[in-house]
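Here is a short tour for anyone meeting this structure for the first time. Take a look at the model, then read on.

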Amino acid sequence: MKESKFLCQTRSLIIANCIVFCFFVMKSFAAEVKIIRLSEASVAKVLISTRGTVLSFPTKPSKVILGRANSFGIEYVENDLAISPLSLSSRSNLFVYLFGRRFAFDLVASQASGTSVIQVRDALEIKEKEVKK
């Protein structure tokens, strides 16, 4: 029992360190930054690289819910969520609450593709700017 608990804690610590390391490395790959615009009526399919992916929000999310426990590791760093798949077949919904609104993601682990940094923006921002013009 003690050995199993120790292995779980060790694995969790290694995963957390890898995620934080990937976060800082990924911030330097500006060419891999992608922008997605979401509304509450849409679900964004996000391919999560086996090296990890960072979802970057304009402000710190107020709440984050991962649909399937133990499918992805998530670290909170300021306005960002650093996400790493815990297996090659990981898949889960992710709900992020921001500005009193809910944004939905379909997270899928991907060995072949995946973006290092994804900037998430509200689709309403564009509509508000168009109205002001």
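## A hairpin to start with

Strands β5 and β6 make a hairpin, with two residues between them. In that turn sits Glu78, whose phi is positive, at about 55 degrees. Keep in mind that this is a predicted model.

The two arms, β5 (residues 72–77) and β6 (residues 80–85), run antiparallel and are joined by six bridges. To pick out one of these links, go to Glu75: its bridge partner in β6 is Ala82.

## The four-stranded sheet

Now for the open sheet, which has four strands in the order β2-β8-β7-β4 with mixed pairing. At its edges are β2 (43–49) and β4, each pairing on one side only. From one strand to the next, the twist averages 25 degrees.

Inside that order, β7 (residues 91–98) and β8 pair in the antiparallel sense, with eight bridges. Arg91, for instance, has Val108 in β8 as its bridge partner.

## One aromatic pair

How many aromatic pairs does a search of the whole structure find? Just one. Phe57 and Phe105 meet edge-to-face, with 6.3 Å centre to centre and 85 degrees between the planes. The pair ties together distant parts of the chain, 48 residues apart: Phe57 is in the loop between β3 (53–56) and β4 (63–66), while Phe105 belongs to strand β8 (residues 101–110).

Are these two rings' residues buried or exposed? Phe57 counts as buried because its relative accessibility is 2%, under the 20% cut-off. Phe105 is buried too, with a relative accessible area of 0%.

Technical notes. Residues numbered from 1 in each chain as written. Predicted model: local features only at pLDDT ≥ 70, side-chain atom pairs only at ≥ 80, totals over all residues. Heavy atoms only, no water. Phe/Tyr/Trp six-rings, centres within 6.5 Å; stacked < 30°, edge-to-face > 60°. Buried < 20%, exposed > 50% of the residue type's maximum accessible area, 1.4 Å probe, protein only. Pairing = 2+ DSSP bridges. Axes fitted to C-alpha atoms, helices over the stretch in contact; angles between N-to-C directions.
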